[in-house]
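I opened my notebook to see how the strands and helices of this chain fit together. Here is the model I had on screen.

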Amino acid sequence: MFEYDRSLPLDVQVTGTEKRGEVTVSDITYAAPDGRRTAAYLVAPGGDGPFAAILYVHWYEPPKPSSGRTEFLEEAVAMARKGVVSLLPETMWSPHEWYDTRNRADDYDATVRQIVDLRRALDVLLAQRGVDPGRVAVVGHDFGGMFGAILAGVDGRAQSYVIMGSTPQFADWYLFGPPMEDDAKARYVARIAELDPVRHIRNANGAAFLFQFGSQDEFVPEDKVAEFVGAAPGTPRVEWYDAIHELDVEQAHADRTAWLDERLGLLTHTRAA
């Protein structure tokens with residue numbers, strides 16, 4: 001259900017650039033498989049590589065300014081100084097009004113389309129000059145982590161995944177808002193369950209996972225954490241922080257970047273700022 005024509009041209013277009021020392025932050029758009037265009041930040045180091053690569057998938061928490069593709073921008077710039085190319089795409093939840101204006105009848109198809117869009121984002125990322133396809137990570141927060149977990153199970157190109165403040169089933173969050181009749185709700189939950197992160201992450205053979213959660217996160221209770229982590233293959237690393245859903249604490253950032261440094265081999269590929 002997540003297949004698409006990978007032979008279609010990426011048609012990457014640069015709409016603006018900013019230099020931060022040797023790091024270049026480009027504002028780009030590229031062609032989605034269905035003809036739409038996706039906006040993203042492309043953050044790249046100077047030099048010829050080889051470079052590791054990270055796909056960052058942002059959270060949804062309007063009206064916070066970080067509820068969009070800027071969430072991980074500063075982190076991506078810091079990682080570029082260590083030899084990482086990053087892509088930070090917009091998503092279906094980038095518009096702050098997304099949740100309240102969407103139609104639940106469209107959730108299934110929109111979710112499938114978003115996974116295809118993220119696979120396309122990996123196409124763009126891996127097509128960048130000097131990227132080493134053997135050192136690729138996905139970092140996702142909130143909905144970004146849920147979609148990252150699905151990506152782990154359906155697209156084996158990334159080997160490392162950071163999942164932050166995410167829940168294992170779409171019904172946990174898609175059903176916030178107006179109540180549904182019992183029969184309609186049961187049909188909705190049964191259908192959307194086909195796409196649940198907890199179902200697809202089980203197929204991520206060979207991938208490594210770091211889960212990050214906040215002890216004060218009202219949206220992700222401990223039983224959901226246990227279910228999600230228990231479905232991940234191998235021995236995932238799980239870290240808890242004295243934090244709310246935003247997870248904007250220095251220790252979470254430090255743990256995440258240290259784990260990525262090790263997983264992506266950055267300790268032996270460090271570059272000057």
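My entries below go from the sheet to the helices that touch it, and then to a pair of helices.

Entry 1, the sheet. I noted at the outset that this is a predicted model. I traced the strand order and found 9 strands in an open sheet, running β1-β2-β3-β5-β4-β6-β7-β8-β9 with mixed pairing. At the edges I found β1 (13–20) and β9 (237–241), each of which pairs on one side only. I also looked up the twist: on average, neighbouring strands here are turned by 15 degrees against each other, direction ignored.

Entry 2, one strand pair. I picked β4 (residues 51–57) and β5 (residues 84–89), which run parallel and are joined by 4 bridges. Across this pair, I saw Ala 52 standing opposite Val 84 in β5.

Entry 3, helices on the sheet. I followed α4 (residues 143–154) and found that it packs on the sheet, touching β4, β6 (131–141), β7 (160–164) and β8 (208–214). The direction of α4 makes about 140 degrees with that of β6. Next I turned to α9 (residues 250–263), which lies across β4, β6, β7, β8 and β9 and runs at about 180 degrees to β8.

Entry 4, a helix pair. How far apart are the axes of α3 and α6? I got 10 Å for α3 (residues 107–126) and α6 (residues 182–192), at a packing angle of about 15 degrees. That angle is under 35 degrees, so I wrote α3 down as roughly parallel to α6. Their crossing is right-handed. For the contact, I listed Asp 107, Tyr 108, Asp 109 and Thr 111 from α3, with Tyr 188, Arg 191 and Ile 192 from α6. By type, I sorted the residues of this contact into 3 nonpolar, 1 polar and 3 charged.

Conventions:
Residues numbered from 1 in each chain as written. Predicted model: local features only at pLDDT ≥ 70, side-chain atom pairs only at ≥ 80, totals over all residues. Heavy atoms only, no water. Axes fitted to C-alpha atoms, helices over the stretch in contact; angles between N-to-C directions. Parallel < 35°, antiparallel > 145°, perpendicular 65-115°, else oblique. Left-handed = near helix turned anticlockwise from the far one by under 90°. Contact = heavy atoms within 4.5 Å. Nonpolar A, V, L, I, M, F, W, Y, C, P; charged D, E, K, R; others polar. Pairing = 2+ DSSP bridges.
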